[in-house]
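Student: Could you take me through one part of this structure closely, in one connected account? I would like to follow how its strands pair and what packs against them.

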Amino acid sequence: MQFRLEDIPQEGREATFSQGENWLDERLQGEERTFRFISPITVHLSLSKLGNTILVKSRAEAKVEWSCARCLEIFSLGLTSEYSTILKPKPGFSLQGEVVFTREDVETEFYEGEEIDLTSLVQDQVLLALPQKALCREECRGLCPRCGKNLNREVCECAVGFVDPRLEILRKGKFK
Ligand SMILES: [Zn+2]
Ligand SMILES: [Zn+2]
């Protein structure tokens with residue numbers, strides 16, 4: 001995902017990339033994984049240039065397979081991440097005077113030289129879009145903490161007479 005500045009015309013340009021399922025493996029090394037990509041990661045980039053400033057709009061799409069954080073069932077979902085980023089030339093530190101970082105710089109990235117490489121930027125954005133924990137559905141009942149049965153599919157005997165201490169607190173609080 002490299003572009004030479006001179007190859008970005010004033011009127012802008014678009015580019016689409018298709019990355020393999022293992023594109024982010026290196027970035028995720030050593031992390032506990034609860035998901036995997038089951039489709040290529042499609043990245044659509046739209047670049048425009050104003051002087052030395054480049055506006056990058058990126059949209060990444062992929063299908064991801066997860067293990068539910070509550071019931072451990074495998075399920076898949078589509079993932080889309082969309083970002084806009086402003087790229088500016090890295091301030092030359094040989095320049096006299098100070099560089100003032102305003103709030104705007106929070107969403108601004110810098111580039112050096114005559115070429116920009118958007119690979120790690122887009123990778124970051126995809127990683128940010130991945131939730132830390134995913135649930136197969138909002139109301140997933142999870143596994144029984146006692147017998148381990150999947151409570152979405154079956155009812156176990158453990159629940160009889162067992163009151164979740166958190167619910168107990170809620171109940172007391174409510175009807176005091
Ligand atoms: Zn679940
Ligand atoms: Zn049980």
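Tutor: Two strands are said to pair if DSSP finds at least two bridges between them. With that cut-off in hand, and keeping in mind that this is a predicted model, we can begin with β5 and β6, which pair in the antiparallel sense over 14 bridges. One residue pair on this ladder is K57, whose bridge partner in β6 is S84. The hairpin that these two strands form has six residues between the strands, and in it L72 takes a positive phi near 70 degrees.

β6 also pairs with β7, a strand of residues 108-111, here in the parallel sense and over four bridges. In that pairing P89 stands opposite Y111 of β7.

From the pairing we can turn to the packing. The largest nonpolar core has 20 residues, and those with the most contacts inside it are I41, A60 and A62. At least two residues of this core are supplied by each of β4 (41-50), β5 (53-67), β6 (74-89) and α1 (119-129), and the largest share, six residues, comes from β5. A60 gives a useful local view of the packing, since, leaving aside residues up to four places away in sequence, A60 touches I41, T42, V43, S81, V122, Q125 and V126.

The helix α1 can then be read from its own side. V122, Q123 and V126 are buried in α1, and, seen down the helix axis, the buried residues fall within an arc of 105 degrees, so they line one face of the helix. On the other side of α1, S120 and L128 are exposed. What covers the buried residues of the helix includes β4, β5 and β6.

Finally, consider K49, which is found in strand β4. K49 counts as partly exposed because it has 19 C-beta neighbours inside 10 Å, whereas a buried residue would need 20 or more. Not counting residues up to four places away in sequence, K49 touches I8, Q10 and I54. The C-alpha atoms of K49 and P9 are separated by 7.1 Å, although these two residues are 40 residues apart along the chain.

How values were computed:
Residues are numbered from 1 along each chain as its sequence is written. Chains are lettered from A and ligands numbered from 1 in the order in which they are written. This is a predicted model: local features need pLDDT of at least 70, side-chain atom pairs count only at pLDDT 80 or more; totals for chains, interfaces and linings use all residues. A nonpolar core is a set of buried Ala, Val, Leu, Ile, Met, Phe, Trp, Tyr and Cys residues joined through C-beta atoms within 7 Å. A residue is buried if 20 or more other C-beta atoms lie within 10 Å of its own, exposed if 12 or fewer, and partly exposed in between; C-beta atoms are placed from the backbone. Two residues are in contact if their C-beta atoms, placed from the backbone, lie within 7 Å. The arc is that of the directions from the helix axis to the C-beta atoms.
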